[in-house]
Amino acid sequence: MSETNHVIVIGAGAAGMLAAIAAAREGAAVELWEQNEKPGKKLFITGKGRCNVTNACDMEELLGSVVSNSKFLYSSFYGFTNQDMMDLLEQAGLRLKVERGNRVFPQSDKSSDVISALSALLRQAGVRVCLNQKAEGLAVEEGVCKGVRCGGRIQTADRVIVATGGLSYPTTGSTGDGLKWAADSGHRLTELSPALVPFEVKETETVKELQGLSLKNIEAVVMRGKKVIYREFGEMLFTHYGVSGPVLLSASSYAVKELKKGPLSLVIDLKPALSEEQLDARLLREFEGTLNKQFKNALVHLFPSKLVPVMVERSGISPEKKVNEITREERKQIIQATKSFTVTITGLRDYNEAIITQGGVSVKEVNPSTMESKLVSGLYFAGEVLDLDAVTGGFNLQIAWSTAWTAGSEAARPDPE
């Protein structure tokens with residue numbers, strides 16, 4: 001055993017499975033512990049069950065899409081790239097496709113096929129997968145991780161990789177155990193918060209009226225006063241409590257800390273492709289065909305039917321007013337309501353609806369080249385348990401893959417004589 005490290009990986013999610021594969025391929029004897037009855041429970045529900053496995057963009061965009069601690073990821077992102085992950089899955093027989101925004105999915109649109117491919121790689125590498133196996137803590141003595149506590153005893157190991165995830169979707173097993181163990185062994189945890197999560201807004205009557213309405217090609221700007229916190233084009237969705245959809249889930253990661261200071265403004269440009277002059281010209285064209293109609297019936301070609309009454313109300317123009325009586329100033333009010341549809345963000349939904357957790361084990365206490373703790377030798381971290389997160393689009397899974405591959409490869413290496 002002197003030449004072979006015995007490695008225990010805790011957590012058979014995305015990071016845990018890949019860390020185990022990497023360690024076993026490097027020659028380690030690997031056990032993968034999972035408290036659930038099957039691996040990849042959270043992976044199964046990602047991307048609405050389709051699993052957005054990574055993003056096929058270049059490295060600059062990959063790093064630019066990381067919200068917290070992107071510099072920490074240089075070494076692992078370059079050591080195991082998005083292309084490396086795609087190649088690994090395709091070699092395991094999983095056919096992939098690239099969709100809008102460089103998002104990568106299995107051709108089958110089934111997350112279960114991703115889990116099957118990783119399970120096949122685990123078998124090929126000779127990893128011993130231990131299901132229904134709950135770890136109770138780490139065995140740390142004098143700054144060295146000696147193994148894992150389980151059932152009142154210590155299962156010894158040369159190296160331990162903690163890949164237990166964060167706090168989001170707790171029903172999948174992300175209950176924060178690894179975060180607690182890290183803290184117990186002396187590591188600092190940065191502030192934890194739900195991220196990639198829908199917003200709650202103050203204007204509940206408005207959003208209830210629009211509930212279920214999905215809008216494409218809008219521009220969303222999150223602001224505090226005149227300070228822009230986030231700006232992006234994309235899709236959004238109105239819910240019974242607020243707003244969601246890809247562009248706003250990403251916005252939530254930037255708004256987490258700002259919301260602690262108080263409410264924020266969300267300004268939506270419903271027609272970002274049109275300037276105010278172009279929108280005015282479009283309005284005039286719409287009105288020409290409906291001169292004798294009431295205003296409330298004149299916007300049906302400009303907005304989805306669910307949105308029309310809200311836009312009429314927000315314009316401040318009487319719904320019954322004849323179109324031919326609408327003044328230039330009133331058209332300006334319609335344009336203002338369209339280009340600056342504003343609601344007040346009051347908070348975030350909780351971990352049950354959050355795709356990821358922001359915050360985690362401080363990366364200042366982890367070696368970015370190996371993922372080994374700087375405080376406890378033989379202890380490694382991978383994936384969401386670390387203070388690393390990114391916007392939507394496959395970037396968070398790439399963080400999991402890259403940090404896991406680094407952790408697994410490094411943990412497998414025997415100590416130098």
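These legends walk you through a predicted model of a protein chain, starting with the whole and then moving to a few close-ups.

**Figure 1. Welcome to the whole chain, with its 13 helices and 21 strands.** The protein chain has 417 residues, and 55% of them count as buried. Its C-alpha atoms fill a box of roughly 90 × 45 × 35 Å along the principal axes. How much area does the protein chain expose? About 18300 Å², with carbon and sulfur atoms supplying 48% of it. Contacts also tell a story here: take those between residues at least 6 apart in sequence, and 73% of them join residues at least 24 apart. As for charge, you will find 48 positive and 50 negative side chains, and the centres of these two sets lie 5 Å apart.

**Figure 2. Arg-349 and its two glutamate partners, Glu-200 and Glu-353.** To find Arg-349, look in the loop between strand E18 (341-348) and strand E19 (356-358). The side chain of Arg-349 makes a polar contact of 2.8 Å with the side chain of Glu-200. Another polar contact, of 3.1 Å, links the side chains of Arg-349 and Glu-353. Which residues does Arg-349 touch once its neighbours within four places in sequence are set aside? They are Pro-194, Val-197, Pro-198, Glu-200, His-240 and Tyr-241. Glu-200 thus turns up both in this set of contacts and in the polar contact of 2.8 Å.

**Figure 3. Asn-69, a loop residue with a positive phi.** Asn-69 sits between strand E4 (66-68) and helix H4 (74-79). The phi angle of Asn-69 is near 60°, a positive value in a residue other than glycine. Why does Asn-69 count as partly exposed? Its relative accessible area is 32%, and the partly exposed class applies because this value falls between the 20% and 50% limits.

**Figure 4. Strand E14 and its pairings with E15 and E17.** E14 covers residues 214-224, while E15 covers residues 227-238. These two strands pair in the antiparallel sense over 9 bridges, and Val-221 stands opposite Arg-231 in E15. E14 and E15 form a hairpin with 2 residues between them, and Gly-225 in the turn has a positive phi of about 60°. E14 also pairs with strand E17 (residues 264-269), again in the antiparallel sense, over 5 bridges. In that pairing, Met-223 stands opposite Ser-265.

**Figure 5. Asn-217, a residue of strand E14.** Here is a closer look at one residue of the strand from the previous figure. The phi of Asn-217 is near 55°, a positive value in a residue other than glycine. Is Asn-217 buried or exposed? Asn-217 counts as exposed because its relative accessibility is 60%, and the limit for that class is over 50%.

**Figure 6. Ile-317 in the loop between helix H11 and helix H12.** Helix H11 spans 308-315 and helix H12 spans 328-339, with Ile-317 in the loop between them. Ile-317 counts as buried because its relative accessibility is 4%, and buried means under 20%. Which residues contact Ile-317, leaving aside its neighbours within four places in sequence? Phe-295, Val-312, Glu-330, Gln-333 and Ile-334 do. One of these, Ile-334, is 17 residues from Ile-317 in sequence, and their C-alpha atoms are 8.5 Å apart in space.

Notes:
Residues are numbered from 1 along each chain as its sequence is written. This is a predicted model: local features need pLDDT of at least 70, side-chain atom pairs count only at pLDDT 80 or more; totals for chains, interfaces and linings use all residues. Side-chain values use heavy atoms; hydrogens and water are left out. Helices (H or I, at least four residues) and strands (E, at least two) are DSSP runs, numbered from the N terminus. Buried means under 20% relative accessible area, exposed over 50%, partly exposed in between (1.4 Å probe, protein chains only). Contact means heavy atoms within 4.5 Å. Accessible areas come from the Shrake-Rupley method with a 1.4 Å probe; for residues, only the protein chains shown count as cover. Lys and Arg count as positive and Asp and Glu as negative; His and the chain ends are not counted. The place of a charge is taken as NZ of Lys, CZ of Arg, CG of Asp or CD of Glu. A polar contact is a pair of N or O atoms within 3.5 Å; within protein, one must be able to donate a hydrogen and the other to accept it, and residues adjacent in sequence count only if both atoms are side-chain atoms. Two strands pair if DSSP finds at least two bridges between them.
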